[in-house]
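Colleague: Could you take me closely through the salt bridges of this model, and then through whatever surroundings help to place them? I would like one connected account rather than a list.

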Amino acid sequence: MEYNVTMVSAFIDIGEFGKGARNIKRDHRIYQNWSWAYSAIYSPLVFYTDSPSFADHMQHVRQKQPDLTKIILVNRTSLWAFQLRDAIAAIYRAGYPKHYPNTVYPDYTCVTHAKFEFVKDAILNNYFNSRHVVWVDVGYFRDMWTRHNKTTAFTMHLLANLDPKRVLCTQVGAPNFTMAWRDIFWKNINWVAGGFFLAKRQVMVNFVLQYQRAVELFLRLNQSQVMVFNGIQITLNIL
């Protein structure tokens, strides 16, 4: 059977951290609560976590869709993203501008980078037979699920006019392609959200490889941010 699209998501437990500000706290309990939205989504889901308890939780969340669910326990130290942690931490210690959590918590940056290798793994292993794959942050559907009184079932469908050669993502604001990449990083400029992006499988693999090259390039330039997603268009000019 061929599905429209496979969803990929993850939870890596980095403890409590400030989101947007030091005193706006998030931890595993918040993400557990938000993840209940996946109980109402009848689409294939590949879910990665380094937490056995969260894996058990997601099995419970997806108990009505066992044939549409693949939960994978990972060791974070083996991930490409977390192998960059020391380099990222050194940059943040060296007087880098502080934007919570993007340039404050090295582990948060690593989690953001890891979502791309999770997407690549899901594609290369083809856990579900689908032409498209979409990354969805674990808390992305929390408001929709609450609005529909936690009873409505959903499924993921593609837009009719989706360009098969492009990556679909959500836009936060108007882009400025003349902006210097350093300003994107240091001023925390965000015109594309990294919580939801969709493409055909090979297009997504190519995009992930480009993203990883960009991350490693910026680290060599002593720059680190979760804003690499927003800086990729600029990065193309210097790769």
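**Salt bridges and their surroundings**

Modeller: Across the whole structure, which is a predicted model, a search finds four salt bridges. Three of them can be described here in turn.

One is formed by R76 and D50, whose side chains meet at 2.8 Å, N to O. R76 belongs to the loop between β5 (69-73) and α3 (85-93), while D50 sits in the loop between β4 (45-49) and α2 (52-61), so this pair ties together parts that are 26 residues apart in sequence. The two partners fall into separate accessibility classes: R76, at 22% relative accessibility, counts as partly exposed, and D50, at 18%, counts as buried because the limit for buried is under 20%.

Another joins R85 to D107, with the closest N and O atoms 2.5 Å apart. Here the link runs between helices, since R85 is in α3 and D107 in α4 (residues 106-125), and these distant parts of the chain are 22 residues apart. R85 has a relative accessible area of 30% and is partly exposed, whereas D107, with 19%, is buried.

A further salt bridge brings together the side chains of K115 and D137 at 3.0 Å, N to O. K115 lies in helix α4 and D137 in the loop between β6 (130-136) and α5 (142-147), so that parts 22 residues apart in sequence are tied together. In this pair the lysine is the buried partner, K115 having 9% relative accessibility, and D137, at 25%, counts as partly exposed.

A useful counterpoint is R62, which is found in the loop between α2 and β5. R62 is buried yet has no salt bridge, and the nearest side chain of opposite charge, that of D67, is 10 Å away. What the side chain of R62 does reach is the backbone oxygen of I41, at 2.6 Å. Leaving aside residues up to four places away in sequence, R62 touches Y38, I41, S43, P44, L45, L68 and T69.

Y38, one of those neighbours of R62, also leads into the nonpolar interior. The largest nonpolar core has 69 residues, and those with the most contacts inside it are Y38, Y48, F118, V119 and M204. Its largest share, nine residues, comes from α7.

Helix α7 (residues 201-220) has 20 residues and spans 29 Å from its first C-alpha to its last, close to the 28 Å expected at 1.5 Å a residue. Its buried residues include M204, V205, F207, V208, Y211 and L217, and also the polar Q210 and Q212. Apart from residues up to four places away in sequence, M204 touches V119, I123, V133, F197, L198 and A199. Just after α7, N222 takes a positive phi of about 60°.

A199, which M204 touches, gives a way to one last acidic residue. D163 and A199 are 36 residues apart in sequence and 8.7 Å apart in space, C-alpha to C-alpha. D163 lies in the loop between α5 and β7 (168-171) and, at 33% relative accessibility, counts as partly exposed. The side chain of D163 reaches the backbone nitrogen of K165 at 3.0 Å.

Technical notes:
Residues are numbered from 1 along each chain as its sequence is written. This is a predicted model: local features need pLDDT of at least 70, side-chain atom pairs count only at pLDDT 80 or more; totals for chains, interfaces and linings use all residues. Side-chain values use heavy atoms; hydrogens and water are left out. Helices (H or I, at least four residues) and strands (E, at least two) are DSSP runs, numbered from the N terminus. Buried means under 20% relative accessible area, exposed over 50%, partly exposed in between (1.4 Å probe, protein chains only). The expected span of a helix is 1.5 Å times one less than its number of residues. Lys and Arg count as positive and Asp and Glu as negative; His and the chain ends are not counted. A polar contact is a pair of N or O atoms within 3.5 Å; within protein, one must be able to donate a hydrogen and the other to accept it, and residues adjacent in sequence count only if both atoms are side-chain atoms. Contact means heavy atoms within 4.5 Å. A nonpolar core is a set of buried Ala, Val, Leu, Ile, Met, Phe, Trp, Tyr and Cys residues joined through side-chain atoms within 4.5 Å.
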